[in-house]
Amino acid sequence: EILRTFSAIDGREYAIFLFYPVTSIWDAWGWRYLFPPSWRSVPIHSLFMVRLAGEAMNNLTPFFDMGGEPLKAALLHRRFGVPKAAAVSATVAAKTFLFFSEVAFWICGLAPALIFSPTTAEWKWALSLFCAGAVVCGHLLYALQKKGLFSALMRVSRRISPNARWIERLREPLEAVDASVKQVYRGPAWPSVSRPRIKVIG
């Protein structure tokens, strides 16, 4: 069925398949800048394949486009030796920057739609509130990560289940991830500016 569908596509229409590789290469390039400096030698094509595997898992699992993120971190650690905390923090920060870029994309698309399309006032208010809510959520997520998102989740889990042993087992690894995430956001000036810009361009 897939081959039959491809055979019916006009030759010029195959150009649409170029969009995903181009944006994904930009995304992989920006992702590499989220690694510690000593691990930025991972080839772009390898990061592209890791990203492809993770996105495939995202599309197969019903976890709000998050099901493939642990796979990305695991592949970075197992195939390229990136430390676990650095692999997880880079994946978390990359997803955060991706959310920022999607919000910017929504706003850029909705702004002219609200101005020029024959949309009712109710829809304009609803879409405007949606964009404002997305911006607020993104800011809160960024602020929580800078303060220690996983440590905060651990504290909440400890209050809910104070005797759970798994909480204590995960405490040190998650604190290491929080420290690594903070380091990503507090990096040198040029990489700190370039990371989100490269991600947004992608």
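Tyr185 is buried, with a relative accessible area of 10%, and that makes a handy way into this predicted model. Start from that ring and work outward.

**Aromatic pairs**

The partner to look at is Phe97, which also counts as buried, at 6% relative accessibility. How do the rings of Phe97 and Tyr185 sit relative to each other? Their centres are 6.0 Å apart and their planes meet at 80°, so this is an edge-to-face pair, given that planes over 60 degrees apart get that label. Phe97 belongs to helix α5 (residues 84–116) and Tyr185 to helix α8 (residues 165–185), so the pair ties together parts that are 88 residues apart in sequence.

Now go along to Trp106 and Phe130. Their rings make a tilted pair, 5.4 Å centre to centre with 40° between the planes. Trp106 is in helix α5 and Phe130 in helix α6 (residues 121–147), so to speak a link between distant parts of the chain, 24 residues apart. Here the accessibility tells another story: Trp106 counts as partly exposed at 30%, and Phe130 is partly exposed with a relative accessible area of 43%.

Here are the two pairs, laid out for reference:

| Pair | Centre to centre | Angle between planes | Geometry |
|---|---|---|---|
| Phe97 and Tyr185 | 6.0 Å | 80° | edge-to-face |
| Trp106 and Phe130 | 5.4 Å | 40° | tilted |

The count of aromatic pairs comes to ten. One aromatic cluster takes in both of the pairs above: Phe97, Phe99, Phe100, Trp106, Phe130, Tyr142 and Tyr185.

**The nonpolar core**

Tyr185 turns up again in the largest nonpolar core, which has 27 residues. Tyr185 is among those with the most contacts inside that core, along with Trp31, Leu34, Phe35, Leu47, Leu76 and Val82. Which elements give two or more residues to this core? They are α2 (19–32), α3 (44–60), α4, α5, α7 (149–160) and α8. Helix α5 gives the most, with seven residues.

**The largest pocket**

Helix α5 matters for the bookkeeping here too. The largest pocket has a volume of about 570 Å³ and a lining of 21 residues. If you want a feel for its middle, look at Met66, Glu69, Thr91, Val92 and Lys95, which lie nearest the centre. Where does the largest share of the lining come from? That would be α5, with ten residues. At least two lining residues each come from α4 (69–80), α5 and α6. By residue class, the lining divides into twelve nonpolar, four polar and five charged.

**Two more spots to check**

Back on helix α5, you'll find Ala104. Is Ala104 buried or partly exposed? With a relative accessible area of 30%, Ala104 is partly exposed. The C-alpha atoms of Ala104 and Ala134 are separated by 9.8 Å, with their positions 30 residues apart along the chain.

Over in helix α3 there is Glu55. Despite being a charged residue type, Glu55 counts as buried, at 12% relative accessibility; the cut-off for that label is under 20%. What joins the side chains of Glu55 and Lys72? A polar contact of 2.7 Å does.

How values were computed. Residues are numbered from 1 along each chain as its sequence is written. This is a predicted model: local features need pLDDT of at least 70, side-chain atom pairs count only at pLDDT 80 or more; totals for chains, interfaces and linings use all residues. Side-chain values use heavy atoms; hydrogens and water are left out. Rings of Phe, Tyr and Trp (its six-membered ring) pair if their centres lie within 6.5 Å; planes under 30 degrees apart count as stacked, over 60 as edge-to-face and the rest as tilted. Helices (H or I, at least four residues) and strands (E, at least two) are DSSP runs, numbered from the N terminus. Buried means under 20% relative accessible area, exposed over 50%, partly exposed in between (1.4 Å probe, protein chains only). On a 1 Å grid over the protein atoms alone, a cavity is a set of points where a 1.4 Å probe fits but cannot get out, and a pocket is an open set with protein on both sides within 12 Å along at least five of seven lines; lining residues have an atom within 4 Å of a point. Grid points are joined across faces, edges and corners, and a volume is the space filled by probe spheres set on the points. A nonpolar core is a set of buried Ala, Val, Leu, Ile, Met, Phe, Trp, Tyr and Cys residues joined through side-chain atoms within 4.5 Å. A polar contact is a pair of N or O atoms within 3.5 Å; within protein, one must be able to donate a hydrogen and the other to accept it, and residues adjacent in sequence count only if both atoms are side-chain atoms.
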